[in-house]
Every structure is written in structure tokens, then in C-alpha cells.
Amino acid sequence: MLGNGEVIGKLEISWDALLDNGNEPFVISFPPVYSVHPSLTLKAGVLHLCDNQDDALLDSIVECEIARETDAGHELFTTYVTTKTVSHLNEAVQRFQFVLDQCPVGHPDRAGALTNLAWARLEGYVQNDLQDIDYITSLFCEALALRSQGHPDHPSSIYHLIKTLIWRFSKENFIAVYIQESAQLCCKLLPLCSEGTYLRSIAAGEDGVDYVIRACNKLPIDTSDEGIHIRRVVLELCPLGNEHRPNALDQLAWALGSRFEQCGSIDDLDECIQRGREAVSLCSEGHSERDVYLNNLACSLDDRLIHQGKYHDLDEAISLHEEALRLRPVGHKYRDFSLDNLGATLCTRFDQHGDVNDINRAISLQREALTSRPPGNPDRDSSLNNLANAIKSRYHKLDVSEDLNEAIDLLQDSLQLRPHGHPYRYITLFSLSSALCSRFTQAQKDEDVEEAIRLCQKSLEALPSLHPNRSISYVKLLEAYLSRYRVQGKSTDLSLAVENFRLAARHPTQGFPRRIRVTLDWAHQAELYQHESALEAYQTCLDLFESHVVMRSTVISRREAATAFDGAQSLPVDAASCAIRHDHSRQAVELLELGRGQQWSLASRLRTPLQDLEAQNMNLAHRFLELSKCLSEAQGSAVSIDRATADRAEIRYRKLTEQWGAVVAEIRSLKGFSRFLLPPSHTELQAAARHGPVVILIASQYSCAAIIVPTSGSPHHVPLPSITLTDLNNLKDRFARAIRHASIMGPKVPRNDLIVLLRTVWDNIMLPIVNVLQNDLKLKHQSRIWLCPTAAFTSIPLHAAHPFQTKADRSKEPCLEDLYICSYTPTLSALVRSRQMMKQRVPPSFVAIGQGQPRAGKSKELLAVDSEIELVRKLVPATANRTTVSGDAATRAGALQALQENNWVHLACHGKQDREQPYNSHFVMKDEPITLLDIMEKDIPHAEFAFLSACHTAVGDEETPDEVIHLAAGLQFSGFKSVIGTLWEVDDAVAKHVVKAFYENMFKDLEDGGVMDCTKAAWALNRATHAVKTKVPLEQRMVFIHVGV
């Protein structure tokens, strides 16, 4: 017999013929069955009975009886298979049961006896002649246990159990557990069945694995761990090329997406999208299921857009929805889903960009979807809800009261179709609440806001404590409380609103973008109504920002994440202003640093010196270094065009970040390392003022002020009551116009416009600060100070502030640079880092890089560059290792190599600041530019000084909370401790006067045995600008600033 009991032939042979083979085994072949050629290997022998062998004789008799009964059972079973006579089945079962009784536990033939009995009973079960499936299953299970891995019959025993479970599934109301167990057994069986074998052919056939796959793919979605495990098992049964693989991928994606909706795990959502992408890629144009997979992938991207704020997902989702809709023409059974989904995504884009065409089309699509779902359609509730939300979005933009009333009517209809217990009732509850709240704001009918609050409370009752969408219910509830507070003025409503702000901001399973938007609004409302929670809101928001941005794998995507939120640009200065108004100057310094230095701090954390950690725990330090290296290599400078590739990179980076974070947490548990890589405290930041006070200038919509961080003691708050943010923005624009005007004036023509502006800077900004420096801090004449401007202050030449007045004795009133040696620092941390790295001093090597003739069309020719480079070469002392890179050698690669190999650099070329994407700011070389990203990727800890004789090298980015992203800061980050940069365009013809005076002062003590010291750069620049007053116009003297130590 073979397989399922088929008769393959009869063996007729005489005893003599059998015995003629002696003791050697021999093979008998049979005709082919299912393309398989069965054979039987036999060995014959003569048994001689000896004296005193009664036990052996008894055993032999028993074995012969087992064999006879087994053969008789097979013959009866074969007859049953062909005739379906139940009496033959019953007798066969009796024979097999007798044999099993003769084979107790431990008997070598027990597994075979179990299998024979089970197979016969299974056939009776299939034909409805026997019913005891539990007993049948137990027999096969015992047989499999006796034929463990490695046993020659182990595969066939697995197959027998699979067949049993398949039949049980099909005959017992398709109970999922049976087919799920079959799937897991199939995964074990297939690797054991070689291609071309009979067992492989029947196991993988349409009644075996193929059936299991189809049945599993039809099961309801189960989001439990076990349910998703089964989806993975089914996918394993569908290798590349298997016709069921796209469906298996889609089913796994659907299960992961559903679990994400319930639990909010981004890992689930990312894998859902990965699986969905593969399903779409396997279904080319014309595939019958392509529209389904396109729709499902698009919906997953919609979810990620909302949860993670990855805005490239939006355009991709719309494109996929559009294609799915084209594949579902009028009359297609799923057209209504595509209409509804595309409409919802267009509504999302409208909320972000405000294009009325998007919302009008969204409403049109969703009206068509609703029309195709008449009363009685199971999905009508969803269409009513989505159409209402789209109309409500248009109302908020265009303020058409008819839209609001229609939205409320639609939502009330949807709610009627979603009774208690409906899985999406909570969505309609908080949507209707929001609409009623809007109507209350418009008409001020108390019943509307009371109902809005009640509905939100009901939506919260319907959701588990960790459901991601609880945060939306909190938001809608706080909006209702705020609306009532604005009308009725009861402080309890404001307190309730703030409490719900807290709950929404801290809800752990909601994505960071929604939580950040909620917290930004919390800070705004707390400021508006002067609630004591404002500072808490700012701190929470800055913490959320860091957690959100840290997971982005490229510096470009981090900036995109930081600029995606309205109001975020002013967040750090507004937070600092709030702290100052609450008399928390130390916290103001910490909040500014946390918000403004984010891009640099995220990058610098991977370059943290570890000498102290290595001394305490070498293994932990090594793990941290290795993960930091992996993270550094994984973070790219640009986002991949291929979305699947970009997703994989993002996922890998996030996983590495999680591992890195776990190691950091372990390090913080060590004694003395509790603040390892935490945002710096005021005490740590005060180290920036070790060699002179740092003046932080805060430009907020709520107030403008300065904080002076002294070398020791508490910070000093300096109010600037004569200046507002509006004044600063006007001042910034007037400076820009005055600089442009000065550039076309003759060198001897007075710069009256600039003089007026610099006097304003002195009177309204710097004079109050100087008064504190002189009177409170008793700062000595020509001491060093550092300016740390924020927001609009970054575009104003604070160092050039000047009273332009004469005293009674006809002497001139001193300006800021007469009083002090001024430097700038982008952040306090940058200054602290530079000072820490000063310990690593090496012999000086100086390179002058000049490019005055870039490739045609790149920039205009700079005629004075070559003479400037030659001048610098002559002024650099011979004790330094001097080199020059210019002309054709000044390429991108050549200049980057020179930056890497030298610790003193002079760079004379065109500089370009890109205000839209500051990381693309660059120096122009012969072939390709050196971008800020190129510079950031360099780690040059031995670097000391750079003079950037180029335009716009210290002008920052206006779009992000980190408005300190510029070329000078990039060089400082890469390792240069002291940098001369420029605020606007440099005239290379006159700049060489400043350059000459600078280097003469920088190196004038070296003849007496001194050493090259980059900390003298600020003083040398101060001396140089004084020395060239008669040769260089005002705007070309004040263009140069010093950044760093």
C-alpha cells in the first residue's frame, strides 16, 4: 500500500524464489503511481528452533500474529476504500485495534500500529462512517511523538496529522485552531520533503499545504500575538514565486496594521508597510488583486503620516489611492472604499496645506461614496462620519455655517448606525463632540457644549486605557472645556482643560506629532490665559520634540521634522521668556539650550569622549562606541528617493537608536554617570563662561530680554523694555537694506543709515547689558564676552553696537568693541565642547585654501583671492607647517582633505547660505561645492582655527528652533575651536586689509618664542578692525565675527 491506501499491485512469489536470494536483501518494483515508482525491499531467512528457546518461539508467534492481523486489516481496509462497505471498515478497525493492543508502550511496532488504526478510522470519519475524531487525533499525535526528528517516518507522521486537522477543520464549522495547527505543522514538514518525492507532491498539493494557505488567508483578522504568529507561518509557506504570497503578505500587513490601531506600536506599522509594499510589487498591472493591495498600502501610509509625521507618506498615499480608484471604475464592488479613502487623505492634505481644491474634491468623492452606500449598507456609517469630518474641515477654513450644520446632521446619522459596542462608535462620538463645540463657539447655546462634553466622556469610556486614540478624545474634551471657559469664564473649566492637555501630551501610545501639536497649543493657551502650567507645557513640548527628532535617520529629515509644526520656530525663546517671567533664569538657560542646540547635540552625542567611562567599565564603553559608530554610519545626509529603501533605513536606524538608548540607560546607572548625555544643567552650561560672561539675547513674542551667565554665581536677567520682537524684525530688515545700499557706495561716503541703526542697537539692546557688566559684574576693560543671540537677534550685528556720541571733553563715547573683546557662540554647549577639546593640542599645520575661479557658471570670479592666499602664506610663521591649495587643486575633494589634515585653515572663496535648506549652504570650489553636510561628517578633534574669508558663513536658518545652523557653526562642530566667519557679502578687494591686520596681530608675539594660540583670534580680530578704520568701510569691518573660544 502507498499514501492514502491505494492498491499498487499484488506480490506473488514462491518460497523457493524468496529463499534463493540467501541472506541478501532484494528489491521488487511496481508500476508507477502519481509519477512515483514504488518499490519494496525484502530479505528472506529460515528460522531454526533450538532447545530452551520457548520465549523466542512465543515472541515469534506473536510477531507472526501481528503481521497476519495487520495484513488482514489492510486487506479489509482496501476493500472498504473501493466498495465503501462499512462492515469492512469496522472489521479492519478491529484488526488494527487488536494489533495495537499487542504493541504496548516501548514495542518497536507501536508507531506503525497507531498509524494503521488512526488512518483507517480517519477514512471512516471522512466518509461519515465513524465520528471519534478526538481519538483519531490522539493516535496520530502519539505516533508522531514516537517518530521524532530524524526518524525515517517522521515526515509521513507529520503529514498524517496535518490531514487529520484539515479534515477536522472542514467538518467542524471551520474552527480556526485546527487549520492554524496544520499551518505550523506544514512549516515543519516541507523542509523534510525533498523535491520530486511522492510525499512532497501530496503534501504541497491542493489538498495539503495549498489548502492550508487558502484556508488561513480566509480566517478573520486576529491581532493577538498568536494570530500574527500564524500569519507569519502562512507567509513562510509561501516563498517567492508562490501564487499565494501576495495574499499572505497582505493578510499579515492587515493584522499588523490592526494591532497598531489598537496598541500604537510603530514597529507593527513599519512592518505592515513593508509587507504591503512587497505585496504591491508582486502584483503587476492587470493582476486581479492589485487594487486591493494598493488601497491597503495607502491606508497604512495614511496611518504613519498621522502617527509619525513623515510627510512624504502623504503624496505617496494619495498616488496609491488614485491608482486604486482608477482600477475600480463605476460599478466595481470596492469603488466606494477607494472613494472614501482618497477623500480622507485629500482632507488630511488640506488640513496641512490649506488648498481649497483638495477639500472640495475630498467632499465630492465622499459624497459619491455615500451615494453608493444607501441605507442598509454595512459601511454607510463610515461614509457619513468621513464626509462630515471633511465638511467640518472646510467650515473651519471658510466659515460657512451651512457646512457646520450639515456636518452635525451627518454625524448624528452615523452615531445611530454605531450603537453601543460598535468598534468605531468612539470616533463618531468625539467627531460629533468637536462639531457641537464649534457650533457652541458660534451660537453660544449651552446645550451644545454640555452635549459635546458628555459625548467626549462617552468616547473615553469606550476605549481601553492605552488605546492610541484616547489622546484624540482628550483633545476634543479639552477643546470643549476651553470653549465653555471662554464664554462662561469659570476657572474650573480652564483647570479641566489643562488636565486634559496633560493627558493628551503624555499619552504613551499616540505618535509624537499629535502630542507635539497638543503641547504647543497647551503652551499657547496657558500663555493666553496666564495659567501657571505654561512652563510645564514648554518643558514637555521640548522633551517631545527631542524624542521625535532623534528617531530620524538623516540630518535633512530631522530638520524637516523640526520645521513641520506651526509655532515651533519660536518655541525655545518663548519657553525661556516664560521662565524669566516666572523668575527662573537658570531654567531659561536650560530650556534655550535644549531647544536651540538640538541638531548639533543630536549629532555630537555620537562623538562623546569616554575616558572616564573606560576607566570604570571598559566593556560598557566599548558597546557604546560600537553602537555610536553604527548609528553614525547609518545616518545619511539625504533621503532616498526609493521609499522602500528609505523605510528600511529608517527602521534600521530606529532599532539602533533603541539599542543605543538602552546602553546609555545602563551607563547612567553607574555611580557618577547619572547625567550621561542628558541635556546639560545650568551648572554644566556655566562652564561656557569660564573665561568671560556669556550674554544670551532672547527675542520672544512675549518679551525681549538678555540673560548674562557669569563665570560664577546666578545668571543676571536684563530686561530690554525698549525693544519688541516686531522692532527686532524691522531692525533686521533695515540692516539688510542698509548693507545692500552701502555696497554700492564709495568707500569714503559716510554710512549714515548704518550709523543710525548701530546707535539703536547700542541704546536699546547693548547699553542695558553693558551697564550690568560694568556695574554688577565689575567686568574689566577689554575682558572677553560671548554673545549668544536667538531668533531675530541672530541677524543683527550686535558686536558693532556703537553710541556714535562725543563726551563733554570731546572724546568719543566708547563702543562695545572698545569696551570688550566680543565673540559669538551658537550655543553654550558648543563653547563647552570646544574648551574640552582644547586639551588635544598638536603641532600647528596651516593650509590656505583659495578658489577665485570656480567652474564657469558657478559664481563670479574673485580677483583678489590669489593675492590674499599669498599674503596669508607670508604672514604665517615659518615654524608652522605651511601649505597652499588653490586654483585647479582647490576642488571639493582637495579642500576636504586639506581640512582633515591641517589644524589651522584659511579659506578664501565664495560662500553661499541656503536659507531654505541650511545644510546645503556651501563653499564654492573648482568642481563641486563643499556643503555644510560635508563639513559635519568630518570629525577633526585636533583642528584649532579657521578663517572663513567668504560670504554669509555665520548666518543661520530662520525656519527651525535651531536657527544656529550655518557654516561657521559646522566647522566648530567638526572640531575647529575658533572660527572667523562673516554675516553678509565680503568685498574681496578690501577684505585683504582686514586679513593682513588680523594675522599680523595674531602672530606678532611669535618672534619672542610664543606659540600659535587659537584663543587669541577674537582679540586679533578686534585689533584688526580698529587698525583698518581708514582703509575699510564700516560694513566691511563689521562683517567679520569671531565664533568659539
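In this predicted model, the largest nonpolar core holds 215 residues, and the members that touch the most other members are Val694, Ile696, Ile765, Met766, Leu798, Phe923 and Phe998. The top contributor among the helices and strands is helix α34 (residues 752-775), which gives 11 residues to this core. Take Leu798 as a way in: setting aside residues up to four places away in sequence, Leu798 touches Leu697, Val761, Ile765, Met766, Leu787, Pro789, Phe793, Leu816 and Tyr824. Two of those partners, Ile765 and Met766, are themselves on the list of best-connected core members. There is also another core, lying apart from the big one, with 84 residues, including Cys186, Val234, Leu269 and Ala317.

Phe998 is worth following from the core into its helix. Phe998 is one of the buried residues of α41, along with Asp988, Val990, Ala991, Val994, Val995, Ala997, Tyr999, Asn1001 and Met1002. If you look down that list with helix geometry in mind, remember that an α-helix has 3.6 residues a turn, so residues three or four places apart point the same way. As for length, α41 has 15 residues (988-1002), which at 1.5 Å a residue should span 21 Å; the end C-alpha atoms sit 20 Å apart, so the two agree.

Phe998 turns up once more among the aromatics. Ring pairs tie it into a cluster with Phe846, Trp904, Phe945, Phe947, Tyr999, Phe1003 and Phe1040. Across the whole structure, 18 aromatic pairs are found. Let's pick out two of them. A pair of aromatic rings is described by the distance of the centres and the angle of the planes. Tyr485 and Tyr529 make an edge-to-face pair, with 5.2 Å between centres and 85 degrees between planes. This pair links distant parts of the chain, since Tyr485 belongs to helix α21 (residues 470-488) while Tyr529 is in the loop between α23 (512-528) and α24 (534-550), 44 residues apart. Are these two tyrosines buried or exposed? Tyr485 is buried at 17% relative accessible area, whereas Tyr529 is partly exposed at 23%. The second pair comes from the cluster above: Trp904 and Phe945 have ring centres 5.2 Å apart and planes at 45 degrees, so this one counts as tilted. Here too distant parts of the chain are linked, with Trp904 in strand β10 (residues 904-908) and Phe945 in strand β14 (residues 945-949), 41 residues apart. Trp904 is buried, at 0% relative accessibility, and Phe945 is buried at 0% as well.

Rings also have charged neighbours. Arg835 lies over the face of Trp786, 4.9 Å from the ring centre. Over the face of Tyr125 you'll find Lys171, at 5.2 Å from the ring centre.

Lys171 brings us to helix α6, which covers residues 154-171. How far should its 18 residues span at 1.5 Å a residue? The expected figure is 26 Å, and the end C-alpha atoms are indeed 26 Å apart, which agrees. Of those 18 residues, 15 are buried, so α6 is largely enclosed by the rest of the structure. After α6 comes Asn173, whose phi is positive, near 60 degrees.

Now for the cysteines. How many disulfides does the structure hold? The count is 0. Cys347 is in no disulfide, and the nearest cysteine sulfur, belonging to Cys299, is 15 Å away. Cys347 is buried, with a relative accessible area of 8%. Cys788 is likewise in no disulfide; its nearest cysteine sulfur is that of Cys822, 14 Å away. Cys788 is buried too, at 2% relative accessible area.

Two more residues round out the tour. Arg559 sits in helix α25 (residues 555-562). Is this arginine buried or exposed? At 5% relative accessibility, Arg559 counts as buried, the cut-off being under 20%. From Arg559 to Val549 is 10 residues in sequence and 8.1 Å in space, C-alpha to C-alpha. Leu967, in turn, is part of helix α40 (residues 967-974), and Leu967 is buried with a relative accessible area of 0%. The C-alpha atom of Leu967 is 22 Å from that of Trp1019, and 52 residues separate the two along the chain.

Definitions and conventions: Residues numbered from 1 in each chain as written. Predicted model: local features only at pLDDT ≥ 70, side-chain atom pairs only at ≥ 80, totals over all residues. Heavy atoms only, no water. Helix = DSSP H or I, 4+ residues; strand = E, 2+ residues; numbered from the N terminus. Expected span 1.5 Å × (residues − 1). Buried < 20%, exposed > 50% of the residue type's maximum accessible area, 1.4 Å probe, protein only. Disulfide = S-S within 2.5 Å. Phe/Tyr/Trp six-rings, centres within 6.5 Å; stacked < 30°, edge-to-face > 60°. Lys NZ or Arg CZ within 6 Å of the ring centre and 35° of its normal. Core = buried A, V, L, I, M, F, W, Y, C linked by side-chain atoms within 4.5 Å. Contact = heavy atoms within 4.5 Å.
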